[in-house]
Amino acid sequence: MADKHKILIVEDDKYIINFISMSLKKEDYDYVIAKTCGEANALFYANRPDMIILDLGLPDGDGIEIIKNVREISKIPIIVVSARQEEEEKIQALDLGADDYVTKPFYMGELLARIRVALRKSNQIPEEKKEKIFQCDYLKVDWEKHQVSIDGKEVHLTPLEYKILKLLIDNRGKVLTHNYILSQIWGSAQGVEAANLRVFMAALRRKIEKDPGNCRFILTEIGVGYRFREATE
């Protein structure tokens, strides 16, 4: 029982609270519930949860402020579950430190999968710095040799394509915004358009995806960024 993950649910809709809490209980998670920003901040400090499931539209404020407050002292996973569908708000939440963004209405199975991915990643000692070889289905990357192969056949990536692939794999399961990728690869999001990133991403997909129209590895979060799919998804 002591090993259970504790999740802080920040939500003011009774139906959504029941929907999420019943599913978490069935999956053997512990949870606490906050219906306001004030309650969320108090319960975060009192309970030190392993994860936060966060709605943005709360009675006493904006959930964005909770992301800011938590990120000042903690790196625990934050999954935003919100009815807000504007791309700018999704990007803002992710850029401020949210790990994922699920738009209402949603399937509980999808949310549970994303919870597992986020908790698994947060519990890892950065294994990507230790692992010499990354293997997922027919894709294999030898970090020491800088070799990428599909079904055992080496494919040539440009230095930029390789850097993008490594960034995605190092953050697998997490949504990376266009600005984040641009800043990590080019050093700044200024002067490089998201359209240019799409060109590089399309070229990378053609080389590592067997069916670029139905990607196994690199998923597009429309208007927001990209995510490398976990092996268990």
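Is Ser 82 buried or exposed? In this predicted model, Ser 82 counts as buried, at 1% relative accessibility. The cut-off for a buried residue is under 20% relative accessible area. Ser 82 belongs to strand E6, which covers residues 78-82. Its contacts beyond four places in sequence include Asp 55 and Leu 56. Tyr 101, Val 102, Thr 103 and Lys 104 are also in contact with Ser 82.

Glu 11 is a second buried residue, with a relative accessible area of 2%. Glu 11 sits in a loop. Strand E1 (6-10) lies on one side of this loop and helix H1 (14-26) on the other. A polar atom of the Glu 11 side chain lies 3.0 Å from the backbone nitrogen of Asp 13. With neighbours within four places in sequence left aside, Glu 11 is in contact with Ile 16 and Ile 17. Further contacts of Glu 11 are Ala 34, Lys 35, Asp 55, Leu 58, Val 81 and Lys 104. Asp 55 and Lys 104 thus appear among the contacts of Glu 11 and among those of Ser 82.

Two helix pairs were then examined. The first is formed by helix H2 (residues 37-47) and helix H3 (residues 63-71). Their axes come within 10 Å and cross at roughly 20°. Angles under 35 degrees count as roughly parallel. H2 and H3 are therefore roughly parallel to each other. Their crossing is right-handed. On the H2 side, the contact involves Cys 37, Ala 40, Asn 41 and Phe 44. These residues meet Ile 66, Asn 69 and Val 70 of H3. By class, the contact of H2 with H3 has 5 nonpolar and 2 polar residues. No charged residues take part in the contact of H2 with H3.

The second pair consists of helix H6 (residues 159-170) and helix H7 (residues 178-186). The axes of H6 and H7 are 10 Å apart, and the packing angle is about 125°. H6 and H7 are therefore oblique to each other. The crossing of H6 with H7 is right-handed. H6 contributes Leu 160, Lys 163, Ile 164 and Leu 167 to the contact. H7 contributes Tyr 180, Ile 181, Gln 184, Ile 185 and Trp 186. The residues of the contact of H6 with H7 divide into 7 nonpolar, 1 polar and 1 charged.

Technical notes
Residues numbered from 1 in each chain as written. Predicted model: local features only at pLDDT ≥ 70, side-chain atom pairs only at ≥ 80, totals over all residues. Heavy atoms only, no water. Helix = DSSP H or I, 4+ residues; strand = E, 2+ residues; numbered from the N terminus. Buried < 20%, exposed > 50% of the residue type's maximum accessible area, 1.4 Å probe, protein only. Polar contact = N/O pair within 3.5 Å; in protein donor to acceptor, adjacent residues only side chain to side chain. Contact = heavy atoms within 4.5 Å. Axes fitted to C-alpha atoms, helices over the stretch in contact; angles between N-to-C directions. Parallel < 35°, antiparallel > 145°, perpendicular 65-115°, else oblique. Left-handed = near helix turned anticlockwise from the far one by under 90°. Nonpolar A, V, L, I, M, F, W, Y, C, P; charged D, E, K, R; others polar.
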